[in-house]
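User: I am new to this structure and should like to learn how to read its features. Could we begin with the terms and then turn to the case at hand?

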Amino acid sequence: MNSFPDCWGDCDIKNIFVEGPFLGARMILVALLSIAIGIADFHFNLLSSLRETLATLVAPVQWVVSAPSDVVDWTEDAVKSRRDLQQENEALRNRLLILEAKSQRLASLTAEVNRLRELLNASSVVDDSVLVSEIIGINPDPYMHEVVVNKGSDDGVYLGQPMLDSQGLMGQVTQVSPLTSRVLLISDSNHAVPIQVNRNGVRGILVGSGVLDRLQLINVPDTADIVVGDLLVSSGLGGKFPAGYPVAKVTAVVHDPGEPFARIEAHPLSELNRSRHVLLVFKKKSSEVGDRVSDEPSPEATQ
């Protein structure tokens, strides 16, 4: 007990652990004292001011020691960030171009889906069997309103077969090959459709005028009850076109004094220059029935 210091100020703490008598007792005493100080600091926060003072004194030293490495790290990060930003900007620019291209394609696909949905709805109201086809070509001759579809005799397509879109009658097949078929549109000057007025059943022959948006109803008596806005549907006479399909709407009725027939014009309901997906209608044994109603059948249709 003589080697244990009597004071805490100037006495060197190392003297506590020098070898001598009662070393174990001193170690236990120091341990108990440390535990007591820790408990007292934990509960009463007695050494907080001392810790803060020591942290304040040590902080400048720590900053000076770590300053060189911090400068090196900051320089590397600055150079690396600039290079990464350039690469990221380039990647974002490329991605933007891709997304813009996809968005344009998406708009086209959305419009196509809407057209297919309309076509599907149209096929659900058609009583006859139908075959969905796609227009893959048009006749470049401005005087021939003719399109090519991607279905042919291998799919059961036959001469004279009617073709519809989601809005109405488009035309009839005039030439068939194993894989494709040619369809004469109702606007062609060589095409004729037997029709009737949906309102009162007045019958007539609707022929093409050579203009996509204009059809002519011929040989209609001047006294016939036909007015602007009347819906013209296929009459089914002749057996080539099924009855009841919408064909056109009357746009003009002119009564010329002295003429036995009225001059009547109609607008086709089908989108002749816009539809891409169409329906080929299979009417039972319709191909075996002669077309005795059409006044001016196309040369190809009569083959």
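Analyst: Let us start with a term: helices and strands are DSSP runs, numbered from the N terminus. The model shown here is predicted.

User: Which secondary structure does the protein have?

Analyst: The protein comprises two helices and twelve strands. Along the sequence, the pattern reads α-α-β-β-β-β-β-β-β-β-β-β-β-β.

User: Which residues make the nonpolar surface patch?

Analyst: The general idea comes before the case. In soluble globular proteins, nonpolar side chains tend to be buried together. In this model, a nonpolar patch of about 850 Å² lies on the surface, made by Leu-33, Ile-37, Phe-44, Leu-46, Leu-47, Leu-50, Leu-54, Leu-57 and Val-58. Helix H1 (23-44) and helix H2 (48-125) are the elements that each give two or more residues to the patch. H2 provides the largest share, four residues.

User: Why does Phe-44 count as exposed?

Analyst: A residue is called exposed when its relative accessible area is over 50%. Phe-44, which is found in helix H1, has a relative accessibility of 60% and therefore counts as exposed.

User: How much of the protein is buried, and what area does the protein expose?

Analyst: Of the 303 residues in the protein, 28% are buried. The exposed area is about 19200 Å², and carbon and sulfur atoms supply 58% of it.

User: Which residues touch the most other members of the largest nonpolar core?

Analyst: They are Met-163, Leu-206 and Leu-232, in a core of 36 residues. Strand E12 (residues 277-282) gives the most to this core, namely four residues. Leu-206 also illustrates how contacts are read: setting aside neighbours within four places in sequence, Leu-206 is in contact with residues including His-191, Ile-195, Leu-217, Leu-232, Val-247 and Ala-266. For the protein as a whole, among contacts with a separation of 6 or more, 58% join residues 24 or more positions apart.

User: In which sense do strands E9 and E10 pair, and over how many bridges?

Analyst: Strand pairing is read from the bridges between two strands, with at least two required. Strand E9 (residues 231-234) and strand E10 (residues 246-254) pair in the antiparallel sense over three bridges. Leu-231 stands opposite Lys-249 in E10.

User: How many bridges link E10 and strand E11?

Analyst: E10 and strand E11 (residues 263-268) are paired over six bridges, in the antiparallel sense. Val-254 has Arg-263 in E11 as its bridge partner.

Technical notes: Residues are numbered from 1 along each chain as its sequence is written. This is a predicted model: local features need pLDDT of at least 70, side-chain atom pairs count only at pLDDT 80 or more; totals for chains, interfaces and linings use all residues. Side-chain values use heavy atoms; hydrogens and water are left out. Patches are made of residues with over 30% relative accessible area and no salt bridge: like charges are joined within 9 Å, nonpolar side chains (Val, Leu, Ile, Met, Phe, Trp, Tyr) within 5 Å. Accessible areas come from the Shrake-Rupley method with a 1.4 Å probe; for residues, only the protein chains shown count as cover. A salt bridge is a side-chain nitrogen of Lys or Arg within 4 Å of a carboxyl oxygen of Asp or Glu. Buried means under 20% relative accessible area, exposed over 50%, partly exposed in between (1.4 Å probe, protein chains only). Contact means heavy atoms within 4.5 Å. A nonpolar core is a set of buried Ala, Val, Leu, Ile, Met, Phe, Trp, Tyr and Cys residues joined through side-chain atoms within 4.5 Å.
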